[in-house]
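Got your viewer open and a selection box ready? Load the model below, and we'll walk through it stop by stop.

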Amino acid sequence: MTAAARRLPVAWDGHPVEWGEFTADPFVCQINADGTSEPVPLDMCWHCGVRAERATAEGRVVIPNWPYRLVLRRCTRCGHDRVRNPLTGQEWDLDESDYGPDGSWEDAS
């Protein structure tokens, strides 16, 4: 399954989300002191614990007169999503309830 094949939350705290296209996270190389380069190891997935590539999609939450942006990172191995609000730095791990017809709501617990 490709990163884009899995659904995205349709709403965030009751407001519709307009998602952009998925893009692959950049491949990073390290330049050594001797001028050679080598790939930097991939980070471990926060959910499945395996080193895997990530894909990123940006979302705009549609709230009149209040711009709100989300950045979703998806593990390309297990498909788990983590969403970040770049303005506040808050992050959320999504679960199945976040993909329903009402979208994602902050957990009140």
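What follows is a short tour, with something to select at each stop.

**Before you click**

This is a predicted model, so to speak of local features we ask for pLDDT of at least 70 and count side-chain atom pairs only at pLDDT 80 or more, while totals for chains, interfaces and linings use all residues. Residues are numbered from 1 along each chain as its sequence is written, and side-chain values use heavy atoms, with hydrogens and water left out.

**Stop 1: the whole chain**

Switch to cartoon and colour by secondary structure. You should find zero helices and nine strands, in the order β-β-β-β-β-β-β-β-β along the sequence. Both kinds of element are DSSP runs numbered from the N terminus: helices are H or I with at least four residues, strands are E with at least two.

Now turn on the surface. The chain's accessible surface is about 7,300 Å², and carbon and sulfur atoms own 53% of that; the areas come from the Shrake-Rupley method with a 1.4 Å probe, and for residues only the protein chains shown count as cover. Of the 109 residues, 32% are buried. Here buried means under 20% relative accessible area, exposed means over 50%, and partly exposed is in between (1.4 Å probe, protein chains only).

If you like contact maps, take the contacts between residues at least 6 apart in sequence: 47% of them join residues at least 24 apart. A contact is heavy atoms within 4.5 Å.

**Stop 2: the first hairpin**

Select residues 11-12, strand β1, and residues 15-19, strand β2. The two run antiparallel and are joined by two bridges; strands pair if DSSP finds at least two bridges between them. Together β1 and β2 make a hairpin with two residues between them, and Asp13 in that turn has a positive phi of about 50°. Within this pairing, Trp12 has His15 of β2 as its bridge partner.

Then add strand β6, residues 54-61. Three bridges tie β2 to β6, again antiparallel, and Val17 sits opposite Val61 of β6.

**Stop 3: tryptophans**

Which aromatic pair involves Trp12 and Trp92, and how are the rings set? The structure holds two aromatic pairs. In the Trp12 and Trp92 pair, the ring centres are 5.2 Å apart with planes at 70°, so this one is edge-to-face. For reference, rings of Phe, Tyr and Trp (its six-membered ring) pair if their centres lie within 6.5 Å; planes under 30 degrees apart are stacked, over 60 edge-to-face, and the rest tilted. The pair brings together distant parts of the chain, Trp12 in β1 and Trp92 in strand β9 (residues 91-93), 80 residues apart. Both Trp12 and Trp92 are buried.

Next, pick Trp105, in the segment after β9. Trp105 is exposed because its relative accessibility is 53%. Its C-alpha is 6.1 Å from that of Trp12, although the two are 93 residues apart along the chain. Leaving out residues up to four places away in sequence, Trp105 touches Asp13, Gly14 and Asp98.

**Stop 4: a buried arginine**

Show Arg74 as sticks; it belongs to strand β7, residues 68-75. Buried or exposed? Arg74 counts as buried because its relative accessible area is 1%. Its side chain reaches the backbone oxygen of Arg7 at 3.0 Å and makes a 2.6 Å polar contact with the side chain of Asp81. A polar contact is a pair of N or O atoms within 3.5 Å; within protein, one must be able to donate a hydrogen and the other to accept it, and residues adjacent in sequence count only if both atoms are side-chain atoms.

**Stop 5: cysteines without a bond**

Select Cys45, Cys75 and Cys78. Searching the whole structure turns up zero disulfides, a disulfide being a pair of cysteine sulfur atoms within 2.5 Å. Why is Cys45 not bonded to Cys75? Their sulfurs are 3.6 Å apart, too far for a bond, and Cys75 has the closest cysteine sulfur to Cys45. Cys78 is in no disulfide either, its nearest cysteine sulfur being that of Cys45 at 3.8 Å. Cys45 is buried at 5% relative accessible area, whereas Cys78 is partly exposed at 33%.

**Last stop: Thr56 and Ala24**

Finish on Thr56 in β6, buried at 15% relative accessible area. Beyond four places in sequence, Thr56 touches several residues, including Phe22, Val71 and Leu72. Then jump to Ala24 in strand β3, residues 23-24, which is exposed at 65%. Ala24 touches Arg54 and Ala55, with residues up to four places away not counted.
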